[in-house]
Amino acid sequence: TAEADEAQRRSVVLLSNRDSGGGATLPLANGLKLYIEGAAPEAAARYGFVVETPEEADVAILRVTTPFEPGEGFFASSIHEGNLAFTGAELEHLRTVMRGTPTVVAVYLERPAVLTEIVEDAAAVLGTFGASDEAVLDAIFGVYAPSGKLPFELPRSMEAVDAQLEDVPFDSADPAFPFGFGLTY
C-alpha cells in the first residue's frame with residue numbers, strides 16, 4: 001500500500017555522507033554506472049546502468065545485514081546474537097570494494113551494529129529497517145530525502161559494547177551514532 005511504502009522511505013536513516021571535494025556524495029545523480037550487491041539489479045536499473053564489477057562502476061551500492069553469530073540448534077539458529085562488528089572475509093570484501101570505488105553502504109539494522117570501519121571508507125552509509133530496494137534506492141538517488149532517526153545508539157567498538165551494562169539504555173561510551181541520530185539533505 002502507499003502508506004507502507006511511505007513508512008519504509010521515512011525509516012531510512014542517513015548516517016554519513018562524505019564530502020568528496022565537490023559536495024556530499026548523496027543524493028546520487030541518475031545515469032551512473034552502478035555496481036550492486038544485496039539489492040535487485042532490476043530496481044537499480046531505474047536509476048543507472050548496472051555493471052558486473054566494481055571496477056566498471058562510477059558508484060557501488062552494497063546492501064548488507066548487521067553481523068551475527070548463529071546459535072546451535074533449531075531455535076537458537078534463528079536468533080541473531082554475538083559480535084556486532086563486521087570482521088574477517090566480509091569486512092575485507094567490503095573494504096576492497098570501498099577502497100576501489102566510491103561506495104554507498106546500506107546496513108539492515110535488525111539490531112545495533114559497529115560501523116566504525118565501514119564509515120571510515122564508505123562514501124555514504126545508511127541504516128535501514130526492512131525497507132525495500134526501491135525505498136533505499138529512492139533515498140540514495142534523492143527521490144525521497146532520508147528523514148529517519150536511530151531507535152538505538154550504534155556503538156563505536158565491540159570493546160564499548162562489552163563495557164556497557166546489559167540492562168541500561170544509552171550507556172555506551174562515546175557512541176559512533178547516538179540514539180535519535182539521522183542526517184538529511
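These legends walk through several close-up views of one predicted model.

**View 1. Helix α3 and its two faces.**
Let's start with a helix. α3 covers residues 88-100, so to speak a stretch of 13 residues. From its first C-alpha to its last it reaches 18 Å, close to the 18 Å expected at 1.5 Å a residue. Which residues of α3 are buried? They are Leu91, Leu94, Arg95, Val97 and Met98. These five sit on the same side of α3, because they cover an arc of only 170° around the axis. Now look at the face turned away from that buried side: here you'll find the exposed residues Ala89, Thr96, Arg99 and Gly100. And what do the buried residues of α3 pack against? Their neighbours are two strands, β4 (59-65) and β7 (103-108), plus the helix α4 (116-121).

**View 2. Strand β7, with a partner in β4 and another in β8.**
β7 is one of the elements that the buried residues of α3 pack against. Five of the six residues of β7 are buried, so this strand is largely enclosed by the rest of the structure. With β4 it pairs in the parallel sense, over six bridges. β7 also runs parallel to β8, and here five bridges do the joining. Try finding Ala106 in this view: it is the bridge partner of Arg63, and it also stands opposite Leu126 in β8. Another pair to look for is Val104 and its bridge partner in β8, Ala124. Follow the chain through β7, α4 and β8 and you trace a right-handed β-α-β unit.

**View 3. Strand β8, covered on both sides.**
Zoom in on β8, residues 124-128. How many of its residues are buried? Five of five, so to put it casually, the strand is mostly covered. Ala124, Leu126 and Thr128 point one way, while Val125 and Gly127 point the other way, and all are buried. Besides β7, strand β8 has a partner in β1 (residues 13-17). Is the pairing of β1 and β8 parallel or antiparallel? It is antiparallel, over four bridges. Leu14 is the residue that stands opposite Leu126 here.

**View 4. Ser16, a buried residue in β1.**
Stay with strand β1 and pick out Ser16. At 12% relative accessibility, Ser16 counts as buried, because the cut-off for that word is under 20%. Which residues does Ser16 touch, leaving aside those up to four places away in sequence? The list is Val119, Ala124, Val125 and Leu183. You've met Ala124 and Val125 already: they belong to β8 and point opposite ways from it.

**View 5. Tyr47 and Phe141, a stacked pair.**
The structure holds three aromatic pairs, and this view shows one of them, made by Tyr47 and Phe141. A pair of aromatic rings is described by the distance of the centres and the angle of the planes. For Tyr47 and Phe141 those values are 4.5 Å centre to centre and 10° between the planes, and the pair is stacked. Where do the two rings come from? Tyr47 lies in the loop between α2 (41-44) and β3 (49-51), and Phe141 in the loop between α5 (133-140) and α6 (158-163), so the pair ties together parts that are 94 residues apart in sequence. Tyr47 is buried at 5% relative accessibility, and Phe141 is buried too, at 7%.

**View 6. Phe129 and Phe152, an edge-to-face pair.**
Here is another aromatic pair, and this one is edge-to-face: Phe129 and Phe152 are 6.2 Å apart centre to centre, with 70° between the planes. Phe129 sits in the loop between β8 and α5, and Phe152 in the loop between α5 and α6, so the pair ties together parts that are 23 residues apart in sequence. Is each ring buried or partly exposed? Phe129 counts as partly exposed at 29% relative accessibility, whereas Phe152 is buried at 19%.

**View 7. Gly38, out in a loop.**
Finish with Gly38, found in the loop between β2 (33-37) and α2. Its relative accessible area is 59%, so Gly38 is exposed, the cut-off being over 50%. Gly38 still touches Arg63 and Asp133, not counting residues up to four places away in sequence. Arg63 is the residue whose bridge partner in β7 is Ala106. For a sense of scale, the C-alpha atoms of Gly38 and Asp171 are separated by 32 Å, and these residues are 133 apart along the chain.

Technical notes: Residues numbered from 1 in each chain as written. Predicted model: local features only at pLDDT ≥ 70, side-chain atom pairs only at ≥ 80, totals over all residues. Heavy atoms only, no water. Expected span 1.5 Å × (residues − 1). Buried < 20%, exposed > 50% of the residue type's maximum accessible area, 1.4 Å probe, protein only. Arc of directions from axis to C-beta. Contact = heavy atoms within 4.5 Å. Pairing = 2+ DSSP bridges. Right-handed = clockwise from strand over helix to strand, strands pointing away. Phe/Tyr/Trp six-rings, centres within 6.5 Å; stacked < 30°, edge-to-face > 60°.
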